[in-house]
Amino acid sequence: MTSERRGFAGHPLVLGGLLVILLGQMLAASRLKSPTFDEPAHIGAGFSYLKTGQFKVNLQHPPLLKEIGALPLLLIGARWPMSEKDWEAVGVPSEPWVQWSLGEDVIFGNDASRVMFSTRLPFMLLTVLLGILIYAWGRKILGRGAAAGALLLFALDPTIVAHGQLVAMDVGFAAFGFLFLYALWSYLNHRSLRRLLGCGLALGAALATKFSAVVLLPLAAILVLAASRWIPEAVPRRPSSLADPYASDDGGQRIVWCVYAIVSLVLVAAVLIYALYFFPANPFLYVEGMQLVNADHDASYWPYMAGHFQPSFWTYYAVAYLLKEPIPTLLLVAFGILALLRRGAAATLDRVFLLLPPALLFLVHALFSHNLGFRYVIPALPFLYLVGGAGLRWLWGERSPWRRVAAVTLCAWLPVGAAGIYPDHLSYFNELACLLAAPGRVGLDGGTRCGPLWLDDSNVDWGQGMLQLKSWLDRNAPGRPVRLAYFGSMRPEMYGLTGVKIGLQELEEPARPGLYAVSAHLLARAIGRLSMGGGGGEAGWLLRTRPT
């Protein structure tokens, strides 16, 4: 752990200002964004849990975040759209389409803008809470300067701004997963039964956000058992116990009590999860939901990356990280890794807590998850921000004029990208995306214009642009028919958009005269498919036409 005097970087006004900037970006952008592909399913499901006390819809995700998002709907008196008879007719688990139909009815059966603001607000506040946790843990483990640097990287990351405002699972998993590992680190450094109980509750909350959070179980086991080598025995000596598995100097006794501590964590977590399902008659509802993960995914759907389609890419998340994170963040993380690996730079336990979680999360998702978006590895990012904060502190602390100039330049670069991409943070790509493909298209928004050349799905578009499209058409083409290639779960008519709906097949045919509105996800996949086919002739018009 590191302690240092509070300077400008650690001043409460600076820290509060960064959090206000983060919240302001999310609030301002959110009002312009229509529901993303998955949001209606989560909104309708969470509202059904609180209104009926039954779990029938969207069981492939645990309930905590959906319940958090639905609570404001109860407070504003949102109307429940289903009759008792219709709800009874819904099976367990429900058909996949039910969750989106229910969500659409909840949103548009009430004041849609009020529903979306109310249900998204808790997620924005949860994102701010994650920023507070990053600073709090960073201050203890790295010092105030590095913690403030980490908060800067967090608050100006377009990925965090984009997903932190959504009724979705990824930032929520990041927040509660980070809270659990922070609590576990605190327990290992200051052991007590109270802290062990807090760890178990935090673990339960994390496991109740997303089923992929089960990766925290082996991670916690590794950390608790490995700590037996680095934590000295108690003085005066005493036997190990749950309150302190490391009190004894006997290695075998330490291991046994570490196992007991891990089991205790899991039991406390299980009780909390059972409570979040409202103590159902079926105690294995969580396990059954886990078996439904990806059940509604199309097995024939191949991910897209850099003009290629494959069942999966083992480099997918590494490539996405290098293209979707701001370049200053990437450089500072690289400096931070070098700084932390220096002898005496940090305690071994602290290094492991900073570096092992993101490495394991990237590895597990690379091996086992569907390649549907960089958002899947958002839970790894808070640890990398701390590493980047250590890199920033190292650059500034060396007192070399060139290093300090580099530190200031990298920090000044971040707000340029954050301002340039507003309000379309979800589509952000850094400058490398264009430097490697079309250097002339680099702009204040980095390499966002080249994003569809690299990745599709929620990396470039998640159906969130319908309100903006309607505003653009009203200003620039009122009454003009549009050929709409839309990637999303909501019906365009709900936004007053009418026209000819087209799909990938039509995009790969010669263009007809008229105005086209094409989701960036479909644009990316069409570009990939046309490129694989040569892209020649009139059918390859998308490869030669630069969109507005």
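The legends below describe close-up views of a predicted model.

**View 1. The largest nonpolar core, centred on its best-connected residues.**
The largest nonpolar core is made up of 143 residues. Those with the most contacts inside this core are Trp137, Phe180, Leu181, Leu184, Leu188, Leu216 and Phe353. Leu181 is in contact with Trp137, Leu216, Leu219, Leu223, Phe353, Pro357 and Phe383, its neighbours within four places in sequence being left aside. A second core, separate from this one, has 21 residues, among them Ala168, Trp462, Ile527 and Leu542. In soluble globular proteins, nonpolar side chains tend to be buried together.

**View 2. A nonpolar patch on the surface, with helix 12 as the main contributor.**
The patch on the surface is formed by Leu225, Ile255, Val256, Val259, Tyr260, Val263 and Leu267. Together these residues have about 570 Å² of accessible area. Helix 12 spans residues 251-276 and gives 6 residues to the patch, the most of any element. Tyr260 is one of the patch residues and is found in helix 12. Tyr260 counts as partly exposed because its relative accessibility is 43%, which lies between the limits of 20% and 50%.

**View 3. The surroundings of Asn58 in the loop between helix 2 and helix 3.**
Helix 2 covers residues 39-52, and Asn58 is found in the loop between this helix and helix 3. With a relative accessible area of 4%, Asn58 is buried. The side chains of Asn58 and His42 are joined by a polar contact of 3.4 Å. Not counting residues up to four places away in sequence, Asn58 touches Ala41, His42, Ala45, Tyr49, Lys66 and Gln99. Gln99 is also one of the buried residues of helix 5.

**View 4. Helix 5 and the helices it packs against.**
Helix 5 runs over residues 96-108. Its buried residues are Val98, Gln99, Trp100, Leu102, Gly103, Glu104, Val106 and Ile107. These buried residues pack against helix 2, helix 3, helix 4 (84-89) and helix 6. One of these partners, helix 3, consists of residues 64-75 and contains Leu71. Leu71 has a relative accessible area of 45% and is partly exposed. The C-alpha atoms of Leu71 and Thr119 are 7.7 Å apart in space, while the two residues are 48 residues apart in sequence.

**View 5. The salt bridge between Arg120 and Glu39.**
The structure holds 13 salt bridges. In the one formed by Arg120 and Glu39, the closest N and O atoms are 2.8 Å apart. Arg120 lies in helix 6 (residues 112-141) and Glu39 in helix 2, so this pair ties together parts that are 81 residues apart in sequence. Both Arg120 and Glu39 are buried.

**View 6. Salt bridges of Glu493 with Lys501 and of Glu508 with Arg529.**
The side chains of Glu493 and Lys501 meet in a salt bridge of 2.9 Å, N to O. Glu493 is partly exposed at a relative accessible area of 37%, whereas Lys501 is exposed at 53%. In the salt bridge of Glu508 with Arg529, the closest N and O atoms are 2.5 Å apart. Glu508 sits in the loop between helix 21 (504-507) and strand 5 (515-518), and Arg529 in helix 22 (residues 520-532). The pair links distant parts of the chain, 21 residues apart. Glu508 counts as partly exposed at 22% relative accessibility, and Arg529 is partly exposed with a relative accessible area of 38%. In addition, salt bridges that share partners join Asp170, Lys210 and Arg375 into one network.

**View 7. Thr329 in helix 15 and Ala318 in helix 14.**
Helix 15 comprises residues 327-340 and includes Thr329. Thr329 has a relative accessible area of 1% and is buried. Residues up to four places away in sequence not counted, Thr329 touches Leu153 and Leu414. Ala318 lies in helix 14, which covers residues 316-324. Ala318 is partly exposed, its relative accessible area being 41%. Ala318 and Ser531 are 213 residues apart in sequence, and their C-alpha atoms are 23 Å apart in space.

Definitions and conventions:
Residues are numbered from 1 along each chain as its sequence is written. This is a predicted model: local features need pLDDT of at least 70, side-chain atom pairs count only at pLDDT 80 or more; totals for chains, interfaces and linings use all residues. Side-chain values use heavy atoms; hydrogens and water are left out. A nonpolar core is a set of buried Ala, Val, Leu, Ile, Met, Phe, Trp, Tyr and Cys residues joined through side-chain atoms within 4.5 Å. Buried means under 20% relative accessible area, exposed over 50%, partly exposed in between (1.4 Å probe, protein chains only). Contact means heavy atoms within 4.5 Å. Patches are made of residues with over 30% relative accessible area and no salt bridge: like charges are joined within 9 Å, nonpolar side chains (Val, Leu, Ile, Met, Phe, Trp, Tyr) within 5 Å. Accessible areas come from the Shrake-Rupley method with a 1.4 Å probe; for residues, only the protein chains shown count as cover. A salt bridge is a side-chain nitrogen of Lys or Arg within 4 Å of a carboxyl oxygen of Asp or Glu. Helices (H or I, at least four residues) and strands (E, at least two) are DSSP runs, numbered from the N terminus. A polar contact is a pair of N or O atoms within 3.5 Å; within protein, one must be able to donate a hydrogen and the other to accept it, and residues adjacent in sequence count only if both atoms are side-chain atoms.
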